[in-house]
Amino acid sequence: MTKYSLNKDREFISLKIAILCISDTRNIKSDKSGSFLKDRIISSGHNCSDHLVVKDNINQIKNQLIKLVNRSDVDVVISTGGTGLTGKDVSVEAHRQIYEKEVDAFASVFSAVSFKKIGASAIQSRACAGISNGKFLFALPGSPSACKDAWDEILVTQLDYRNRPCNLVEILPRLDEHKKRK
């Protein structure tokens, strides 16, 4: 039994996805995770709005996330790095400061995928996801293999409007409903 399927009667909707690498040591050229995601985003039919690098600093991360969710050419932000347990790992804290809602199940599903690949070491990741200003945000670990797992096992289908029984694209236009009611 298939867990999901593509409805070929639905037309693909290309999203605008920004990548944010969080690192004190990487730049655009050395960001293997960001480069991997950019390739997957484009080969899946989406647009890569931007690929940026920011230092492991909670305020810099938060400010960059806010700038990205306020851009009209961004539907989704995927950050890589800073989701671990060390003192410098503050991506999750920065993300949560701007979330209006957290997508709790993403962490659980990512943990399940990771557990199949790396066993109990999966407990060292705090990958998370949320919504801010009508945009989806995902905080992924910085390793290329973790980004591959997140994209290939979760995001490629959830960011595809044709995916059944449901997907994130079909609810994207409704993420700001609470602002319209005021």
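**Close-up views of pockets, cores and a strand pair**

**View 1. A mostly polar lining surrounds the second largest pocket.** Sorted by character, the residues lining the second largest pocket comprise five nonpolar, eleven polar and three charged. Welcome to this predicted model, where our tour begins with a pocket of about 300 Å³, the second largest. Its lining has 19 residues, and those closest to the centre are Ile118, Ser125, Pro141, Ser143 and Ala146. Helices α4 and α5 each contribute at least two residues to the lining of this second largest pocket. The biggest contribution is that of α4, with four residues.

**View 2. The largest pocket has α4 and α5 in its lining.** Here the volume is about 570 Å³. Look for Val109, Val113, Glu153, Ile154 and Thr157, which are the closest to the pocket centre out of 20 lining residues. Helix α4 spans residues 104-118 and α5 spans 144-158, and each supplies at least two residues of this lining. As for shares, α4 has the largest, with seven residues. The lining of the largest pocket holds twelve nonpolar, three polar and five charged residues.

**View 3. The largest nonpolar core brings together 28 residues.** Good places to start are Leu37, Ile78, Phe106, Phe138 and Trp151, the members that touch the most others in this core. Two or more residues come from each of β2 (16-22), α1 (32-43), β4 (76-80), α4, β6 (128-132), β7 (135-140) and α5. Of these elements, α5 gives the most, with six residues.

**View 4. Leu37 and its contacts, close up.** Which residues does Leu37 touch, leaving aside those up to four places away in sequence? They are Ile19, Ile78, Thr80, Leu140, Cys147 and Trp151. Two of these partners, Ile78 and Trp151, are named with Leu37 among the core members that touch the most others.

**View 5. Another nonpolar core, of 18 residues, lies apart from the largest one.** To find your way around this second group, look for Leu20, Val54, Val90 and Cys128, which are among its members.

**View 6. Strand β2 runs parallel to β3.** The two strands are joined by seven bridges, with β3 covering residues 47-54. One pairing to pick out is that of Ala18, whose bridge partner in β3 is Asp50. Is β2 mostly covered or mostly open? It is mostly covered, as six of the seven residues of β2 are buried. As a reminder for reading this view, side chains in a regular strand alternate between the two faces of the sheet.

Notes
Residues are numbered from 1 along each chain as its sequence is written. This is a predicted model: local features need pLDDT of at least 70, side-chain atom pairs count only at pLDDT 80 or more; totals for chains, interfaces and linings use all residues. Side-chain values use heavy atoms; hydrogens and water are left out. On a 1 Å grid over the protein atoms alone, a cavity is a set of points where a 1.4 Å probe fits but cannot get out, and a pocket is an open set with protein on both sides within 12 Å along at least five of seven lines; lining residues have an atom within 4 Å of a point. Grid points are joined across faces, edges and corners, and a volume is the space filled by probe spheres set on the points. Ala, Val, Leu, Ile, Met, Phe, Trp, Tyr, Cys and Pro count as nonpolar, Asp, Glu, Lys and Arg as charged, and the others, Gly among them, as polar. A nonpolar core is a set of buried Ala, Val, Leu, Ile, Met, Phe, Trp, Tyr and Cys residues joined through side-chain atoms within 4.5 Å. Buried means under 20% relative accessible area, exposed over 50%, partly exposed in between (1.4 Å probe, protein chains only). Contact means heavy atoms within 4.5 Å. Two strands pair if DSSP finds at least two bridges between them.
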